[in-house]
Amino acid sequence: CWPVRSSVFERESPEPKCDRETCDRFRERKRKVSIRSSKMALERQVRAKIAGKRDLEKDKEAQYWVEEVLGEKFPAGVLYEDALRDGLILCKLINKLEPGAVSKINTSGGQFKMMENINLFQQAIKKYGVPDLDVFQTVDLYEKKDIAQVTSTIFALGRACYKHPEFQGPFLGPKPADECKRNFTEEQLNAGQTIIGLQAGTNKGANQAGQNLGAGRKIILGK
């Protein structure tokens, strides 16, 4: 009978009495089955971890923003990720924000045409101001490997809209903080070099005298 195992791939069968070459092939087959089982278990863990990152409320918020910008709803009865999968809606979105950003959108064709739409969208939003690190990978959407990252990219695109005064809204997410540059004159920079910090000794009569840095270390000999 089969020994009890956690996976059907890990069942051990008694090694047949045979010549050395046959036994070696048998052991090699068992080794490959074990490796394949481990890879499948790891893949399940990775998928579960990615699925745990997904926030359905954020998906809804991203979908609502896209619909508001485009002025049209997603296809009825179609899941969020399936509606975006061919890249058509995404290309329309960036063209709405930046007219002519994607000059040719593939409306028909096979897998490569649909993936080309996604690639064109990715290139266009980078030019629009979305950082490379915020842009999802093509397989994240087309193979649905990380829909959470796709939503994150849409939010990044929404933040980039704040930097384009020609776009009047609607906006997605909070407005990014504006850069605050300060320009100092050469005289001000040189004046800062003459100030002595307290840790260096004294500064205009102030010193470190009387500061208590904690209890002193006591060393008792003979114990």
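This passage walks through the aromatic pairs, the charges placed over rings and two helix crossings of a predicted model.

A good place to begin is with the aromatic side chains, which form 4 pairs in the structure. In one of them, the ring centres of Phe-121 and Phe-136 are 6.3 Å apart, and because their planes meet at 25°, under the 30 degrees limit, the pair counts as stacked. This pair joins distant parts of the chain, as 15 residues separate its two members. Phe-121 belongs to helix H5 (residues 111-128), while Phe-136 sits in the loop between H5 and helix H6 (138-142). Phe-121 is buried, with a relative accessibility of 1%, and Phe-136 is buried too, with a relative accessible area of 1%.

Another pair brings together Phe-167 and Phe-171, whose ring centres lie 5.4 Å apart. Here the planes stand at 90° to each other, an edge-to-face arrangement. Phe-167 has a relative accessibility of 12% and so counts as buried, whereas Phe-171, at 34%, is partly exposed. These two residues also belong to a wider group, for Tyr-162, Phe-167 and Phe-171 make up one aromatic cluster.

Aromatic rings meet charged side chains as well. Arg-85 is placed over the face of Tyr-142, 4.0 Å from the centre of the ring. Lys-58 takes up a similar position over the face of Phe-155, at 5.8 Å from the ring centre.

The residues Lys-58 and Phe-155 lead on to the helices, since Lys-58 lies in H2 and Phe-155 in H7. Helix H2 (residues 56-70) and helix H7 (residues 147-160) have axes that come within 10 Å and cross at roughly 45°. The two helices are therefore oblique to each other, and the crossing is left-handed. On the H2 side, the contact is made by Lys-58, Asp-59, Glu-61, Ala-62, Trp-65 and Val-66. Their partners in H7 are Thr-151, Ile-154, Phe-155, Leu-157 and Gly-158.

H2 also meets helix H4 (residues 88-97), with the axes again coming within 10 Å and crossing at roughly 55°. That angle makes H2 oblique to H4, and this crossing is left-handed as well. H2 contributes Trp-65, Val-66, Val-69 and Leu-70 to the contact, and H4 contributes Ile-89, Lys-92, Leu-93, Lys-96 and Leu-97. Trp-65 and Val-66 thus appear in both settings, in the contact of H2 with H7 and in the contact of H2 with H4.

Terms used: Residues are numbered from 1 along each chain as its sequence is written. This is a predicted model: local features need pLDDT of at least 70, side-chain atom pairs count only at pLDDT 80 or more; totals for chains, interfaces and linings use all residues. Side-chain values use heavy atoms; hydrogens and water are left out. Rings of Phe, Tyr and Trp (its six-membered ring) pair if their centres lie within 6.5 Å; planes under 30 degrees apart count as stacked, over 60 as edge-to-face and the rest as tilted. Helices (H or I, at least four residues) and strands (E, at least two) are DSSP runs, numbered from the N terminus. Buried means under 20% relative accessible area, exposed over 50%, partly exposed in between (1.4 Å probe, protein chains only). A charge sits over a ring if NZ of Lys or CZ of Arg is within 6 Å of the ring centre and within 35 degrees of the ring normal. Axes are lines fitted to C-alpha atoms, for helices over the stretch in contact, and angles run from 0 to 180 degrees between N-to-C directions. Angles under 35 degrees count as roughly parallel, over 145 as roughly antiparallel, 65 to 115 as roughly perpendicular and the rest as oblique. A crossing is left-handed if the near helix is turned anticlockwise from the far one by less than a right angle, and right-handed if clockwise. Contact means heavy atoms within 4.5 Å.
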